[in-house]
Amino acid sequence: MIPALEITDLDKAYDDGTRALHGVSLTLPDGGFHGLLGPNGSGKSTLIGMITGLVRAPAGHVKVFGHDAVTDPRRVRTLVGLAPQEVHLDRFLTAREVLVFHGRYFGMTKADAGERADEMLAIFDLEGKAGTRPNRLSGGMRRRLLIARALVHRPRLAILDEPTAGVDLELRHELWSYLTRLREEQRTSILLTTHYLEEAEALCGRISMIRAGRIVAEGTVEEIIARFGGPRLEDAYLRVMHGAMHGAVSEVTP
Ligand code: ADP
């Protein structure tokens with residue numbers, strides 16, 4: 001089966017000489033839920049930018065369902081849905097219009113975009129808010145709308161960049177149940193970044209930990225805990241990051 005995402009030996013140096021990624025490899029199988037964890041400045045946004053075509057990547061290193069992100073960017077754009085970290089929603093559009101416009105941008109017919117918008121509003125329990133503008137929605141609803149928007153054009157790979165940042169505990173748990181449903185009902189492969197370790201523990205089948213542009217641990221939650229020590233993923237994470245700082249962790253879990 002062709003993986004949803006295949007990244008091999010990816011390096012990135014910005015024009016000012018900053019080396020953001022060093023030989024990063026990551027494979028997300030079709031239908032997988034993969035967590036990308038790392039401190040600020042570790043290279044997560046750079047990696048996401050290279051998948052979504054916002055940051056230049058060398059050809060042959062980033063493939064989405066077998067399509068090269070550099071040589072076949074149009075195809076890759078339709079296959080990927082990105083829910084960005086910051087909530088940017090046009091305040092002059094209603095929630096439904098936000099979704100329909102996004103679908104139209106991706107070339108969907110008016111009827112198809114409308115139908116899909118209604119489906120997304122139903123999945124994310126926003127039906128009653130179809131005619132409401134984003135600035136009148138609660139924080140949790142805005143987050144849901146942002147994820148719904150990323151999925152309107154039926155991408156097969158969803159990239160969720162810190163979808164629950166700054167959201168209170170109750171809302172975070174609520175969002176988790178939406179993400180679980182999303183994966184089950186829409187059969188979407190998901191790459192998630194988060195600073196909440198318990199979120200990765202609850203949702204992700206596999207996890208990559210990145211520090212200073214290098215993957216320093218990779219595996220299931222159980223594998224990472226078995227290798228680096230628990231009892232929680234948070235304990236393993238702190239050990240991995242601390243060890244990486246002192247050069248003690250250089251291998252990746254097979
Ligand atoms: P994260 O998303 O994990 O916070 P980033 O990918 O944003 O990490 O950053 C990785 C490294 O690349 C950091 O050292 C950051 O300062 C640097 N960086 C990010 N974007 C640019 C850019 N446009 N030009 C130069 N350096 C950058």
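**Ligand shell and strand E3**

Visitor: How many nonpolar, polar and charged residues does the shell around the ligand have?
Guide: Ala, Val, Leu, Ile, Met, Phe, Trp, Tyr, Cys and Pro count as nonpolar, Asp, Glu, Lys and Arg as charged, and the others, Gly among them, as polar. The shell has three nonpolar, seven polar and two charged residues.

Visitor: What kind of model is this, and how are residues numbered?
Guide: The model is predicted, with local features needing pLDDT of at least 70 and side-chain atom pairs pLDDT 80 or more, while totals for chains, interfaces and linings use all residues. Side-chain values use heavy atoms, without hydrogens and water, and each chain's residues are numbered along its sequence from 1.

Visitor: Which side chain has an N or O atom 2.8 Å from an oxygen atom of the ligand?
Guide: Polar contacts to the ligand are pairs of N or O atoms within 3.5 Å. A polar backbone atom of Gly43 lies 3.1 Å from a ligand oxygen. The 2.8 Å pair involves the side chain of Lys44.

Visitor: How much of the ligand's accessible area does the protein cover?
Guide: Areas come from the Shrake-Rupley method with a 1.4 Å probe. Of the 560 Å² that the ligand has on its own, the protein covers 61%.

Visitor: Are the faces of E3 covered or open, and by which residues is this shown?
Guide: E3, a strand (a DSSP run of at least two residues, numbered from the N terminus), spans residues 33-37. Buried means under 20% relative accessible area (1.4 Å probe, protein chains only). Both faces are covered, as shown by the buried residues Phe33, Gly35 and Leu37 on one side and His34 and Leu36 on the other.

How values were computed. Buried means under 20% relative accessible area, exposed over 50%, partly exposed in between (1.4 Å probe, protein chains only). Helices (H or I, at least four residues) and strands (E, at least two) are DSSP runs, numbered from the N terminus. A polar contact is a pair of N or O atoms within 3.5 Å; within protein, one must be able to donate a hydrogen and the other to accept it, and residues adjacent in sequence count only if both atoms are side-chain atoms.
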